Amino acid sequence: MIFKPFMREGFIPLPVAFISTISNQGIRNIAPYSCIMPVLRPLDLMCVASAKKRDTLVNIRENREFVINLPGTDFTDKVIPTAKFSKPEVDEFKEAGLEEKPSEVIKAPGIAGCYAWMECELYKEYEEEQYVLIMGKVLRLEVADEFLSPDGSLDVRKAKPLMMTGSKKGMHFNTVSDIDQFEPFSAMFPDNKDALASKYNH
């Protein structure tokens, strides 16, 4: 079956992340984003694609900071309340019934109850006629201990990362499952040595 090209998100499971920001007037804002991705391993950059008329974008441009909050499936009912249009003076934490998690290195708060938080500063933006690519530099990455495996990796069975696929009529929410298969990065290199291994040393 052939589909229209713009329906590509229907066949790529996408993460659902909540981006929290704060305005110059101190108003807290939350918006869900799925067009979000890390920029190459092991860089500390995240790329977010945004429509141009978003309070999130205005706040990021004003304060040059934001939090990428990674929720589990128990946040599914918070997607629409935070996606709906709200006036800039509306506190969306209160509107959506969410509690804030104070950030450590930036002023914008995170969202309590998520499994991970990335405190970011604006690194660069690329503006086109219909969209803006926001490049954020991750200043602090925190993951709740209860969602970590003994080796420090994410236990997806516990975290249940909130994801979605699109369709003609809307969003189908889902999550990921572990298939219990592991391959080291070093397997991709001819000498079986990960050229980036030293970057992971504490």
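Helices and strands here are DSSP runs, with helices being H or I of at least four residues and strands being E of at least two, numbered from the N terminus. With that in hand, I can place Pro42, which sits in the loop between S4 and S5, and which is joined to Arg41 by a cis peptide bond with omega of about 5°.

Before going further, let me say what kind of structure this is: a predicted model, in which local features need pLDDT of at least 70 and side-chain atom pairs count only at pLDDT 80 or more, while totals for chains, interfaces and linings use all residues. Residues are numbered from 1 along each chain as its sequence is written, and side-chain values use heavy atoms, with hydrogens and water left out.

As for annotation, UniProt lists residues 11-157 under "domain: Flavin reductase like", in an unreviewed entry; UniProt positions are given in the numbering used here, feature names are shortened, and annotations may be inferred rather than shown by experiment. In the model, that span is 14% helix and 39% strand, and its end C-alpha atoms lie 22 Å apart.

I mentioned the cis bond at Pro42, and there are two backbone points to set beside it. Most residues other than glycine have a negative phi, and most peptide bonds are trans. Arg64, in the loop between helix H1 (55-63) and S6, has a positive phi of about 60° although it is not a glycine. Asp180, in the segment after S12, is also not a glycine and has a positive phi of about 55°. For accessibility, buried means under 20% relative accessible area, exposed over 50%, and partly exposed in between, with a 1.4 Å probe and protein chains only. Arg64 therefore counts as partly exposed, at 45% relative accessibility, whereas Asp180 is exposed because its relative accessible area is 61%.

Now to two charged side chains, beginning with Arg28, which lies in strand S3 (residues 28-33). Is Arg28 buried or exposed? Arg28 counts as buried because its relative accessibility is 16%. A polar contact is a pair of N or O atoms within 3.5 Å, where within protein one must be able to donate a hydrogen and the other to accept it, and residues adjacent in sequence count only if both atoms are side-chain atoms. The side chain of Arg28 makes one such contact with the side chain of Asp91 at 2.9 Å, and another with the side chain of Glu100 at 2.8 Å. Taking contact to mean heavy atoms within 4.5 Å, and leaving aside neighbours within four places in sequence, Arg28 is in contact with several residues, including Thr21, Phe93 and Pro109.

The other is Glu125, placed in strand S9 and partly exposed because its relative accessibility is 27%. The side chain of Glu125 makes a polar contact of 2.7 Å with the side chain of Arg61. Beyond its neighbours within four places in sequence, Glu125 is in contact with Arg61, Val132 and Leu133, and its C-alpha atom is 5.7 Å from that of Met135, ten residues apart along the chain.

Finally, the empty space. On a 1 Å grid over the protein atoms alone, a cavity is a set of points where a 1.4 Å probe fits but cannot get out, and a pocket is an open set with protein on both sides within 12 Å along at least five of seven lines, while lining residues have an atom within 4 Å of a point. Grid points are joined across faces, edges and corners, and a volume is the space filled by probe spheres set on the points.

The largest pocket holds about 1,600 Å³ of space. Its lining has 40 residues, of which Pro38, Leu70, Met118, Leu141 and Leu154 lie nearest its centre. Among the elements giving two or more residues to that lining are S9 and S10.

The second largest pocket holds about 430 Å³, and of its 18 lining residues, Leu14, Tyr33, Ser34, Cys35 and Met164 lie nearest the centre. Helix H2 provides the largest share of this lining, three residues.

There is also one cavity of 30 Å³ or more, with a volume of about 50 Å³. Its lining includes Trp117, Arg140 and Leu141, and S10 gives the most to it, with three residues.
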